[in-house]
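Colleague: Got a minute to walk me through this one? Put it up and I'll ask as we go.

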Amino acid sequence: MLRFVEEILLLLIHDDGRTAHVPSWVLDYAIAGGVLMDLALENRIDTDPQRLILVDSTPVGDTILDPALAEIAAGDPHDTRFWLDHIAQNAQSIRERALARLVEHGILEQSEGRFLWVFRARRYPIIDGKVEREVKMRILRVLFSDEIPDPRDAMLIGLADSCDIFKELLSARELHHVAERIAVVGNLDLIGHEVGEAIFDIRRLVSASVQSHMY
């Protein structure tokens, strides 16, 4: 199964190898959120508005998730925002591991410093006995329908919205059409909401700093 970090990276890569423009610090928080989301789905952590709770410290056996899990298990109790901030500091190394795995799976290929789709496949490898649908098509189907989203898809939509990835995937008209749906689905998960709040807070601080230097 692909992890949230891998899926977010796939959403950023266009078929021609171009990468959607997302500020690096925004992507760092999306990566951190993806790690925590996967740990929650693996029943290693739980969250509430006040704290992040360690449920099970047993390693998942995943090089993307286990380093963060070990730090949570070894550290003092903190809220979700603390761990988002902390994991975001290691986002670059997490991103590199995720891209390497996508290449290893045959989903991407690396060429002249760029990561490209492997067109001979155009689908993910067979995992757990079924062919995975491409990430983009999967979440767009959720947005353009009234179906109840799978929890993973709802979480991914929240992460993608935090990064403003839908501005790259959709036309202005399409984005306007599904804006309410994105907001509703993306707010179903507490971790996704915290990612959005963290990014909003930092953007507000940056904006305030810029304005203060203008006067």
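Modeller: Sure, let's begin with helix α1 (residues 4-12), which is mostly covered. Before you ask, this is a predicted model, where local features need pLDDT of at least 70, side-chain atom pairs count only at pLDDT 80 or more, and totals for chains, interfaces and linings use all residues. Residues are numbered from 1 along each chain as its sequence is written, and side-chain values use heavy atoms, with hydrogens and water left out.

Colleague: How many residues of α1 are buried?

Modeller: Buried means under 20% relative accessible area, with a 1.4 Å probe and protein chains only. The buried residues of α1 include Phe4, Ile8 and Leu12, and also Glu6 and Glu7. The count is 9 of 9.

Colleague: Are α1 and α7 parallel or oblique to each other?

Modeller: Axes are lines fitted to C-alpha atoms, for helices over the stretch in contact, and angles run from 0 to 180 degrees between N-to-C directions. The axes of α1 and helix α7 (residues 151-162) come within 11 Å and cross at roughly 50°. Angles under 35 degrees count as roughly parallel, over 145 as roughly antiparallel, 65 to 115 as roughly perpendicular and the rest as oblique. So α1 and α7 are oblique.

Colleague: Which residues of α7 make the contact with α1?

Modeller: Contact means heavy atoms within 4.5 Å. From α1 come Phe4, Glu7, Ile8 and Leu11. An α-helix has 3.6 residues a turn, so residues three or four places apart point the same way. On the α7 side, they are Arg152, Met155, Leu156, Leu159 and Ala160.

Colleague: And how are α2 and α5 set to each other?

Modeller: Helix α2 (residues 24-41) and helix α5 (residues 91-104) have axes 9 Å apart. They pack at an angle of about 70°. That angle is therefore why α2 and α5 count as roughly perpendicular.

Colleague: How many charged residues does the contact of α2 with α5 have?

Modeller: Leu27, Asp28, Ile31 and Val35 of α2 meet Ala91, Ile94 and Arg95 of α5. Ala, Val, Leu, Ile, Met, Phe, Trp, Tyr, Cys and Pro count as nonpolar, Asp, Glu, Lys and Arg as charged, and the others, Gly among them, as polar. By class that gives 5 nonpolar, no polar and, for charged, 2.

Colleague: Zooming out, what share of the protein's residues count as buried?

Modeller: The protein has 10 helices and 6 strands, where helices (H or I, at least four residues) and strands (E, at least two) are DSSP runs, numbered from the N terminus. Of its 215 residues, the buried share is 45%.

Note on methods: Buried < 20%, exposed > 50% of the residue type's maximum accessible area, 1.4 Å probe, protein only.
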